[in-house]
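This report considers how protein and DNA meet in one structure. Please examine the sequence and the model before reading on.

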Number of protein chains: 2
Amino acid sequence: MKIHAMQVTVDLVILTIQEQQLRVLLVKRGVPPFAGEYALPGGFVREDESLEEAAARELEEETGTKDIFLEQLYSFGDPRRDPRGRVITIAYYALISPDRARLAAGTDAAGAAWYPVSGVPKLAFDHQDILDVALGRLRGKLEYTTVGFELLPKKFTLSDLQQMYEVILNKSLDKRNFRRKVQALEILRPLKEWQRTGRKPARLYSFVPRN
Amino acid sequence: MKIHAMQVTVDLVILTIQEQQLRVLLVKRGVPPFAGEYALPGGFVREDESLEEAAARELEEETGTKDIFLEQLYSFGDPRRDPRGRVITIAYYALISPDRARLAAGTDAAGAAWYPVSGVPKLAFDHQDILDVALGRLRGKLEYTTVGFELLPKKFTLSDLQQMYEVILNKSLDKRNFRRKVQALEILRPLKEWQRTGRKPARLYSFVPRN
DNA sequence: CCAAAAGTGTTAGGAGTACACCCATGG
DNA sequence: CCATGGGTGTACTCCTAACACTTTTGG
């Protein structure tokens, strides 16, 4: 019986918020195929590691950070998605807060940088599809989970929180309704600290998961 | 550079409703590993087919039917999930209505049969995990989509519809509230036909997707 | 004193939930 | 005539959405 061996990779959609924009980490490819074009970071799954471990390893290689939100997204396996041969990829997405969104030393040389998701350059392979799925998933989960807090620093103002939702959902929200709704969730701990950068000082909050 | 080649399979969670129970199609394994135990149907992805095509092919091989709901579920890649070696699997789930849930000729010999999801026998590999993910996905999607209709024949009564929801969610629903809610969705076309099996004849409806 | 962002309540409409009885038919 | 499942309405609560002004500070 013929053994159907294939190459298996993980690709990562690493998202953060910078300058009021949702941004994705892209690397500039140095070698063919698609040399000079942009791509999602990723790499081969090793013999002795799970898919999740491979994704976490790649994530740490790119960002130097381990303990950030990481979730499997979808698997892509069109026979012609990689011109070099049959490669199937398990895509993951990660969320990282702006205060931790530094790039690992050396990745800068590889051309890794944060690009606004609205207006990414043309992507290699089927990576635009992968990005689209990631954005859809994030928008969906934002509505019924608290994943969004992964994109905020530990201390944040209610305006920060609202802006995060507005940036991801790409629509503006009513300030009063928004505040009433999140307060009702009982997941915000008001701190005795105020952010004094703007005009009127804004109260800082921290996120306390329910249960 | 070392090439990390792995074997890639698709596994299928094929669900239907029979005798007021949600049931899953299982095959009895004839060869090691796990010979004699039950497993989800599945098989290797061929060189020239996409993951979706592989899943659809396996589905047709088992059920003889092509045009049924099929959606990618999750990928499983623990290095030790298959004792024969490194095999990663892309799991799909399919929904088939009871009037089409016949098994393909010859599959009966392979021991394929429908088992109630509450009370499946012990499953080979990590197939219990896969089944659990499928049930969670189905329950989630039931709340905000119309996938449930994939489990009903073309013509059904409102009681059939409600029973389908109750069986999947494993809780009873209020008849009046349920009917008001589904009628408000404007996805039901009342037919000029009645099911005369019970005592009082029940009106039949068909599903008309919105938009 | 002015510009900028923080903060705060009320009302109206829609959705969800709880709840009980009559109807049509087959046996 | 009776057992069985089919079919229907109302009241209350809660969530959502629309909407505008005052407060605090820095410059």
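Which of the 18 residues around DNA strand C come nearest?

## Surroundings of DNA strand C

In this predicted model, the nearest residues are A:Ser159, A:Lys175, A:Arg180, A:Arg203 and B:Asn177. Of the strand C atoms within 4 Å of the protein, 31% belong to sugar and phosphate.

Helix H4 of chain A provides four residues, the largest share of the surface near DNA strand C. Strand E10 (202–207) of chain A and H4 of chain B each supply at least two residues as well. By class, this surface holds 13 charged, three nonpolar and two polar residues.

## Polar contacts with DNA strand C

A polar side-chain atom of A:Ser159 is 2.7 Å from a phosphate oxygen of strand C. Base nitrogens of the strand are also approached: a polar side-chain atom of A:Lys175 lies 2.6 Å from one, and a polar side-chain atom of B:Asp174 lies 3.3 Å from a base nitrogen.

## Surroundings of DNA strand D

DNA strand D is surrounded by 18 residues, of which B:Ser159, B:Lys175, B:Arg180, B:Arg199 and B:Arg203 are the closest. H4 of chain B gives the most to this surface, with four residues. Helix H4 (175–184) of chain A and strand E9 (202–207) of chain B each contribute at least two. Charged residues number 13 here, beside three nonpolar and two polar ones.

## Polar contacts with DNA strand D

Chain A reaches the bases of strand D through side chains: a polar atom of A:Arg176 lies 3.4 Å from a base nitrogen, and one of A:Lys200 lies 3.3 Å from a base oxygen. From chain B, a polar backbone atom of B:Arg203 is 2.9 Å from a phosphate oxygen of the strand.

Conventions:
Residues are numbered from 1 along each chain as its sequence is written. Chains are lettered from A and ligands numbered from 1 in the order in which they are written. This is a predicted model: local features need pLDDT of at least 70, side-chain atom pairs count only at pLDDT 80 or more; totals for chains, interfaces and linings use all residues. Side-chain values use heavy atoms; hydrogens and water are left out. A residue is near a molecule or strand if one of its heavy atoms lies within 4 Å of it. A polar contact is a pair of N or O atoms within 3.5 Å; within protein, one must be able to donate a hydrogen and the other to accept it, and residues adjacent in sequence count only if both atoms are side-chain atoms. Ala, Val, Leu, Ile, Met, Phe, Trp, Tyr, Cys and Pro count as nonpolar, Asp, Glu, Lys and Arg as charged, and the others, Gly among them, as polar.
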